[in-house]
Amino acid sequence: MCPLFSLFILHMITGAAAQLRHGYYSETCPKAKSIVQDVMKVALIREPRSLASVMRLQFHDCFVNGCDASLLLDDTPTMLGEKLALANINSLRSYEVVDQVKEALEKVCPGVVSCADIIIMASRDAVYLTGGPYWEVKLGRLDSLTARKEDSDNVMPSPRSNATFLIGLFAKFNLSVKDLVALSGSHSIGKARCFSIIFRLYNQSGSGRPDPAIDPKFRQKLDKLCPLNVDQNITGDLDATPVKFDNQYFRDLVAGRGFLNSDQTLFTFPETREFVKQFSIDQGKFFKAFVKGMIKMGDLTVDQPGEVRKNCRVVNSHSSKFPMHPS
Ligand code: HEM
């Protein structure tokens, strides 16, 4: 990572969270919280995986220029946004659930609740509605006026990453080793593509061999799911209980049954292993650390002008009735 980029991230952290607060919409849109949760409940019934997909949006939004919904902007003839970035293309999904939340909010309090805050509230609800902890979120974010594919490509980690790299990356966002391990526990829900694991099944680190950290029985299962010539968009579960937010993910890692290399490495490396062990035997500890991590990640903001978009996919036109706010 270039030094200029590191400086930028530092700026991003120090400028963080100044205006964010609990109850931000209590007067301007008192029903916001329940409207978001109601849409998420419908999404859960319609397609349980969509809650995981929405929760992932917080990570991919907040790590790229702060939590500003830049991720949600569709490309335009003059702007290549984040949706086509390597970590997002053919992978991020359920944008339509965010659209549904936005539509429901616009009906009741038009132009008030930002898309960036919707991601934060919806992610919290995704965790809670699948069996995880509940927490109060700070709100008051603005939506970005632009997005750049390369900003995501410069930051978002590959599933091939090892724990040392991930520790360094998270540290740049003021997130500790414990935060990294706890936040990776988000892989307690959801799925990933064969594309994300094919290298570790057949050619780990260029060895021409599978990752030795995979439990042999689990590897047989993965080989069946993802043979070399497979359609790489086929998906497998990230843990053994993929629609329940629990500490099964960590028990799987201890057993060598982590799906991604970036998951299993947390047990292989001594710096992270202790936390994996702790979370695997104490779900309460995991939940507490996860909430702390999500709040810290939600605090990432950048000083930049923003607005409350009326459609999360496009910036408001300047003639719009929704004013642009200075940062
Ligand atoms: C530690 C570094 C991380 C890496 C390298 C990583 C990588 C990945 C990859 C490769 C996938 C599957 C993509 C695909 O195959 O299409 C995935 C899925 C997912 N990630 Fe992460 N991730 C990380 C951290 C996080 C964090 C911090 C969160 C949220 C707090 C998160 C939430 C999710 C969820 C919920 C899914 C499943 C989504 C679905 O089913 O649609 N991840 N991640």
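Let me begin with the ligand, whose surrounding shell draws at least three residues from each of domain 1 (3-156 + 297-318) and domain 2 (163-294). Please keep in mind throughout that this is a predicted model.

Of the 27 residues around the ligand, the ones that come nearest are Ser-53, Ser-91, Ser-186, Gly-190 and Ala-192. If we ask which elements give two or more residues to that shell, they are helix H3 (49-62), helix H8 (177-184) and strand E1 (191-193), and the largest share, 7 residues, comes from H3. In terms of residue class, the shell around the ligand divides into 12 nonpolar, 10 polar and 5 charged residues.

Let me now step back to the domains themselves. The protein is divided into domain 1, which covers 3-156 together with 297-318, and domain 2, which covers 163-294, and the centres of the two, taken over C-alpha atoms, are separated by 24 Å. Where they touch, 22 residues of domain 1 are in contact with 20 residues of domain 2. On the domain 1 side of that contact, helix H1 (3-14), H3 and helix H14 (283-298) each supply at least two residues, and H3 again appears with the largest share of that side, in this case 6 residues. By class, the side of domain 1 that touches domain 2 has 12 nonpolar, 8 polar and 2 charged residues. So H3 is an element to keep in view, since H3 gives the largest share of the shell around the ligand and also the largest share of the domain 1 side of the contact with domain 2.

I will turn next to the helix packing, where two packed helices are described by the angle between their axes and the distance between the axes.

H8, which we met in the shell around the ligand, packs with helix H13 (residues 270-281) at an angle of about 50°, with their axes 9 Å apart. The two helices are therefore oblique to each other, and H8 passes H13 in a right-handed crossing. From H8, the residues Val-177, Lys-178, Leu-180, Val-181 and Ala-182 meet Glu-271, Thr-272, Phe-275, Val-276 and Phe-279 in H13, a contact that by class has 7 nonpolar, 1 polar and 2 charged residues.

A further pair is helix H2 (residues 32-46) and helix H5 (residues 115-129), whose axes come within 9 Å and cross at roughly 50°, which makes H2 oblique to H5. This crossing, too, is right-handed. Here Lys-33, Val-36, Gln-37, Met-40, Lys-41 and Leu-44 in H2 meet Ile-118, Met-121, Ala-122, Asp-125, Ala-126 and Leu-129 in H5, and the contact comprises 8 nonpolar, 1 polar and 3 charged residues.

H5 also packs with helix H4 (residues 95-108), at an angle of about 110° and with the axes 10 Å apart, so H4 and H5 are roughly perpendicular to each other. The crossing of H4 and H5 is right-handed, and the contact is made by Val-98, Val-101 and Lys-102 of H4 with Cys-115, Ile-118, Ile-119 and Ala-122 of H5. By class, there are 6 nonpolar residues, no polar ones and 1 charged residue in this contact. If you are following on the structure, please look at Ile-118 and Ala-122, which take part in the contact of H5 with H2 and also in the contact of H5 with H4.

Terms used: Residues are numbered from 1 along each chain as its sequence is written. This is a predicted model: local features need pLDDT of at least 70, side-chain atom pairs count only at pLDDT 80 or more; totals for chains, interfaces and linings use all residues. A residue is near a molecule or strand if its C-beta atom, placed from the backbone, lies within 6 Å of it. Helices (H or I, at least four residues) and strands (E, at least two) are DSSP runs, numbered from the N terminus. Ala, Val, Leu, Ile, Met, Phe, Trp, Tyr, Cys and Pro count as nonpolar, Asp, Glu, Lys and Arg as charged, and the others, Gly among them, as polar. Domain bounds come from an automatic or database domain assignment. Axes are lines fitted to C-alpha atoms, for helices over the stretch in contact, and angles run from 0 to 180 degrees between N-to-C directions. Angles under 35 degrees count as roughly parallel, over 145 as roughly antiparallel, 65 to 115 as roughly perpendicular and the rest as oblique. A crossing is left-handed if the near helix is turned anticlockwise from the far one by less than a right angle, and right-handed if clockwise. Two residues are in contact if their C-beta atoms, placed from the backbone, lie within 7 Å.
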